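Hi everyone, thanks for having me. Please pull up the structure on your screens, and let's walk through it together.

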Amino acid sequence: MTKIKHVLGISGGKDSAALAIYLKNKYPTLDIEYYFCETGKELKETYNLITALESVLGKRIKKLKAAPDYEDDVQFDVFLNKYGGYLPSSNSRWCTRALKLEPFEKYVGETPTLSYVGIRGDENREGYISQKPNIQSIFPFRKNIWSEEIISKTLTNSNIKCLTDITATNVHNRSKDEFIKIISEPISYNYDRNKKLNDLLTISISSFNKIVYEYMKSLNYPISHLNEYPLLENEDNLVREDIFRILEESGVGLPKYYDKLEFELDGQKGYYARSRSGCYFCFFQQKIEWVWLYENHRELFSKAIDYEKDGYTWMQDERLEDLIKPDRIKQIKEYHLKRTASNSNSKSSYLIDILEEAESEGCAACFI
Ligand code: SF4
């Protein structure tokens, strides 16, 4: 029988850490390999989180290096040199590809692999995931554990007859007729794929998973090599609050950069924090997070400024030297205070809910 790998990338963020703990507790028989892609530019809180996780998981988290002949702390710099000092940006995210995706794909090789991704049930995105055919992503925190690609193949109209036959043979409870009714309804302008998917999941998540799994046996996906798969029975849907709970209950806790810190502006109190893991100079961070870095990690901020010396900048519209002018800092804080005040009625009490407005831009490899 073909051996398949189960892997989980630890980004340094809360969701991948919680997923590792969740899977260890709920599916202890899954032999998962954990890995972390070294950029050399993480905050020290990320390394603290990794150490704490290793102790809770009872396993090492393998460090993957894109430039194995170089020291950990220059991994990003090796590639920056290759790119002639051209800093990455959301439109040219060479860093994620070179430092995260490529080392991951090299580590997996050609082995059929299930890669667990911590996108939550309250998020609507897939992330930036490997497209290699031998790597299949599974999303255990969501009702729909399958990738978009698999759902699209499974629910395509030309597959209706095949799915109906699978359901007739494999679903043995009262929901069989309901499934067949929904499966037989073609996707159309008035009945889109998401609606159909939700209707099927609403009947029974585990039966739907079983139908997808049976269909996939006819295709050459990593999961096709398994005789059984415990996550087919998983009916959980985990949201942000669950992630905080899992981390707190495990003793690992939240990465410290999420802690909100107080600042004062013209006698008014405000709070700021960093909203996600990743490199300290990540271009995805918001202006207020740059201010947080400047005021709480001055030496890292200075290093980020050094990277701009060749004329390239981390933000399209502003150099870091300009962002730290006193008037500009004041302006950014004022804007942040207004924003946090207008969000103070939001259902969540977490500061990162306000900071993470651009969450969907992030990538699975860096921020989950
Ligand atoms: S955290 Fe940001 S800068 Fe670092 S690799 Fe990811 S996208 Fe690039």
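Let me begin with a question: at what angle do helix H7 and helix H8 pack? Before I answer, please keep in mind that this is a predicted model. Helix H7, residues 176-184, and helix H8, residues 193-203, meet at about 175 degrees, and their axes are 10 Å apart. Angles over 145 degrees count as roughly antiparallel, so that is what we call H7 relative to H8. On the H7 side, the contact is made by Glu178, Phe179 and Ile182, while H8 brings Lys196, Asp199, Leu200 and Ile203. Sorted by character, the residues of this contact are four nonpolar, three charged and no polar.

Next comes helix H9, residues 205-216. With 12 residues at 1.5 Å a residue, H9 should span 16 Å, and its end C-alpha atoms are indeed 16 Å apart, so the two agree. Which residues of H9 are buried? They are Ile205, Ser207, Phe208, Asn209, Ile211, Val212, Tyr213 and Tyr215. The cover over these buried residues includes H7 and H8, which we have just met, along with helix H5 (148-155) and helix H6 (160-170).

Now let's turn to the strands. Strands of a sheet pair through backbone hydrogen bonds, either parallel or antiparallel. Here, five strands make an open sheet with parallel pairing, and the order is E3-E2-E1-E4-E5. At the edges sit strand E3 (61-65) and strand E5 (135-138), each pairing on one side only. On average, neighbouring strands in this sheet are turned by 35 degrees against each other, ignoring direction. If you zoom in on strand E1 (residues 5-9) and strand E4 (residues 113-116), you will find four bridges between them, with histidine 6 opposite leucine 114 in E4. Helix H4, residues 94-108, packs on the sheet and touches E1, E2, E3, E4 and E5. The direction of H4 makes about 145 degrees with that of E2.

My last stop is a hairpin formed by E6 and E7, with two residues between them. These strands run antiparallel and are joined by five bridges, and leucine 261 stands opposite tyrosine 272 in E7. Have a look at aspartate 266, in the loop between strand E6 (261-265) and strand E7 (268-272). The phi of aspartate 266 is near 50 degrees, a positive value in a residue other than glycine. Is aspartate 266 buried or exposed? Only 12 or fewer other C-beta atoms within 10 Å make a residue exposed, and aspartate 266 has 8, so it is exposed.

Technical notes
Residues numbered from 1 in each chain as written. Predicted model: local features only at pLDDT ≥ 70, side-chain atom pairs only at ≥ 80, totals over all residues. Axes fitted to C-alpha atoms, helices over the stretch in contact; angles between N-to-C directions. Parallel < 35°, antiparallel > 145°, perpendicular 65-115°, else oblique. Contact = placed C-beta atoms within 7 Å. Nonpolar A, V, L, I, M, F, W, Y, C, P; charged D, E, K, R; others polar. Buried ≥ 20, exposed ≤ 12 C-beta atoms within 10 Å, placed from the backbone. Pairing = 2+ DSSP bridges. Expected span 1.5 Å × (residues − 1).
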